[in-house]
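User: Please take a close look at the interior of this model, moving from its ring contacts to its empty spaces. What does each contribute to the picture?

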Amino acid sequence: MKRRDFITTSSALAAGSFLSACNDSNRQAIDYSKIKEKKEKKLASININKNKKVILKLATSWPAHFPIMGTGVEEFVKRVNTSSGGSIEIKLYPKNTLIPALAVFDAASAGEIDIFHSGPYYWKGKNSAFSLFSGMPFGMTSEEINAWMYFGGGYELWRDLYSHYNLYPFMGGNTNIQMGGWFKKQINSLSDLDGLKMRVPGLGGEVFAKLGVNPVLLPAGEIYTALERGVIDATEWVGPYLDMKMGFYKVAPYYYSGWHEPGSILELTFNKNSWSNLSLEHKSIMEASAQEMNSKMTYEFQAKNAFALKELTDKGVMLQSYPDDVVYAAKNALKEVIALESSKNVDFKKVYESASSFLQASKSFSDVSLKKYLNIR
Ligand code: CA
């Protein structure tokens, strides 16, 4: 894929014929026969359900075949269609083919589509707490977010908040740790950020704003040109693999390690009625397939970022770390952003407290295990 190019229910009812044995000379046999007939009818209704083909509409915020996110959803659709023996057919509608990219939440909420694949931080305008399910600056890694979701209360909080919008979410991938962005000039101290125009969304953007940066929001297709022409001085995107496809290295050679998006969740979210109407078997297939997609996308980012980083350094990209004073100021700025948002939104406060306490517990373990190991291997 080049830089600029960046899917009713129909019933196939099994014809069933029900033989009812009837023996007039034997009352007991007649009674037995009625019981048997009832049982057969019950079994038949199960068979009929099994042969019903469920057709679901899934719209995404990504273009068709978009690397990792788009192709990952395509794999999910194939897995569900195959695992269900064809009893589920998901029709996939990439970005803007049925629903505009950032209208998928509302479309699923209203029941115009059954499922969407996107990212929770796009909906922070509806409820700022949603951005926390995407991850947080200086927050949890992808592994920690998975642990919090499954075993720390994350899923319960997320599903409770989304239920007000008639939605039922699953994790549907994770970008894994993101890089800190591309800069045209080196950042040697906090003062070098003053007045810089940078494309950086979400909570990270709010933190950068407190450091003197002018955060700019631009559609994906306009970022490269804006950076090339100096309309912006810097941009973050995702990680080496997707960043390389965007070509940023050609116009901004300084590539910084990140702290603003350490593990951004992607979501596979169902209209709540569409989810409730699925059979137990179909729910099970969906859940397992979503989990597979969640894991595989995360690993795909890890693998492809590793190989892409080498290509980028071979092209002369200069790897950088933010200076200590920038990191220190960013942590303090984050505290202000969290305090303000928590005072304005009780949902934000609740989700933040859950995520934050889980992070502290996880950190106490990872500090003596993973962190030490990574430093010595
Ligand atoms: Ca990003």
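Analyst: In this predicted model, Trp275 is buried, at 8% relative accessibility (buried is under 20% relative accessible area, exposed over 50%, partly exposed in between; 1.4 Å probe, protein chains only). Local features need pLDDT of at least 70 and side-chain atom pairs 80 or more, whereas totals for chains, interfaces and linings use all residues. Residues are numbered from 1 along each chain as its sequence is written, and side-chain values use heavy atoms, without hydrogens or water.

The aromatic pairs number 30 (Phe, Tyr and six-membered Trp rings with centres within 6.5 Å; stacked under 30 degrees between planes, edge-to-face over 60, otherwise tilted). One of them joins Tyr150 and Phe151 in a tilted arrangement, 6.1 Å centre to centre with 45 degrees between the planes. Tyr150 is partly exposed at 38%, whereas Phe151 is exposed at 75%. Trp275 itself pairs with Tyr168, and these rings are stacked, 5.0 Å centre to centre and 15 degrees between the planes. That pair links distant parts of the chain, since Tyr168 belongs to strand 5 (residues 167–174) and Trp275 to helix 10 (residues 272–276), 107 residues apart (DSSP runs numbered from the N terminus: helices H or I, at least four residues; strands E, at least two).

As for empty space, the largest pocket holds about 1,700 Å³ and is lined by 45 residues (1 Å grid over protein atoms alone; a pocket is an open set with protein on both sides within 12 Å along at least five of seven lines, a cavity a set where a 1.4 Å probe fits but cannot get out; lining atoms lie within 4 Å of a point). Gly139, Thr141, Glu144, Ile177 and Pro262 lie nearest the pocket's centre. Helix 13 gives the largest share of this lining, eight residues. Both domain 1 (50–175 + 264–302) and domain 2 (181–263 + 308–376) contribute, so the pocket lies between them.

The largest cavity, of about 110 Å³, has 13 lining residues, with Tyr121, Gly135, Gly202, Leu203 and Glu261 nearest its centre. Helix 7 (residues 202–210) gives the most to the lining of this cavity, three residues. The largest cavity also lies between the two domains, because both supply lining residues.

The second largest cavity contains about 90 Å³. Its lining includes Phe133, Trp148, Ala355 and Leu359. Helix 4 (130–133), helix 5 and helix 13 each give two or more residues to that lining, and the largest share, three residues, comes from helix 13. Each of the two domains provides at least three of the lining residues of the second largest cavity.

Note on methods:
Grid points are joined across faces, edges and corners, and a volume is the space filled by probe spheres set on the points. Domain bounds come from an automatic or database domain assignment.
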